[in-house]
Amino acid sequence: MPGLVEGAHQNVGLGHKFLRHIQRCKVLVVLLDMAGTDGRAPWDDYRSLLRELELYAPDLLQRPRLVVANKMDEPAAKKNLAAFKRKTKE
């Protein structure tokens, strides 16, 4: 999952169509922009994504999940990854 827009649980953006697809997955893979190139903190994106999943179907949070850090070649990524680990315990 590269991300969900806020309000996806209310069918904003791809909304329910995408979330129904996610419900068929046994393992969730979350792809995060660890460099924060859009001016957003990766830990905030992660929490937002988890919140949307929980609001749509709380059982999705019980599925195994992997977090993939993307854009690790960018200067801010290493520092953001360390902060992400501290803030999310993932």
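The accessible surface of the chain adds up to about 5700 Å², and carbon and sulfur atoms account for 53% of that. The model is a predicted one, so every value here is computed from predicted coordinates. Of the 90 residues in the chain, 34% count as buried.

As for the fold, the chain has 3 helices and 2 strands, and reading along the sequence gives the pattern α-β-α-β-α. Contacts reach far along the sequence: take those between residues at least 6 apart, and 69% of them join residues at least 24 apart. A C-alpha pair with a long sequence separation is Leu28 and Arg63, which sit 35 residues apart along the chain with their C-alpha atoms separated by 6.9 Å.

Leu28 belongs to strand E1, and at 3% relative accessibility it counts as buried, because the cut-off for that label is under 20%. Val29 is also found in strand E1. At 35% relative accessibility, however, Val29 counts as partly exposed, a label that covers the range between 20% and 50%.

Val29 also turns up in a nonpolar surface patch of about 360 Å², together with Val27, Leu31, Leu66 and Val68. Both strands chip in here: E1, spanning 28-33, and E2, spanning 65-70, each supply at least two residues of the patch.

Past E2, the chain runs into a loop that leads to helix H3 (77-88), and Lys71 is found in that loop. The backbone does something a bit unusual at this point. Most residues other than glycine have a negative phi. Lys71, which is not a glycine, has a positive phi near 65°. With 33% relative accessibility, Lys71 counts as partly exposed.

Turning to the helices, how do H2 and H3 lie relative to each other? The axes of H2 (residues 42-56) and H3 come within 9 Å and cross at roughly 40°. The two helices are therefore oblique to each other, since an angle under 35 degrees would be needed for roughly parallel, and 65 to 115 for roughly perpendicular. On the H2 side, the residues that meet H3 are Pro42, Trp43, Tyr46 and Arg47. Their partners in H3 are Asn80, Ala83, Phe84, Lys87 and Thr88.

Key:
Residues are numbered from 1 along each chain as its sequence is written. This is a predicted model: local features need pLDDT of at least 70, side-chain atom pairs count only at pLDDT 80 or more; totals for chains, interfaces and linings use all residues. Side-chain values use heavy atoms; hydrogens and water are left out. Patches are made of residues with over 30% relative accessible area and no salt bridge: like charges are joined within 9 Å, nonpolar side chains (Val, Leu, Ile, Met, Phe, Trp, Tyr) within 5 Å. Accessible areas come from the Shrake-Rupley method with a 1.4 Å probe; for residues, only the protein chains shown count as cover. A salt bridge is a side-chain nitrogen of Lys or Arg within 4 Å of a carboxyl oxygen of Asp or Glu. Helices (H or I, at least four residues) and strands (E, at least two) are DSSP runs, numbered from the N terminus. Buried means under 20% relative accessible area, exposed over 50%, partly exposed in between (1.4 Å probe, protein chains only). Axes are lines fitted to C-alpha atoms, for helices over the stretch in contact, and angles run from 0 to 180 degrees between N-to-C directions. Angles under 35 degrees count as roughly parallel, over 145 as roughly antiparallel, 65 to 115 as roughly perpendicular and the rest as oblique. Contact means heavy atoms within 4.5 Å.
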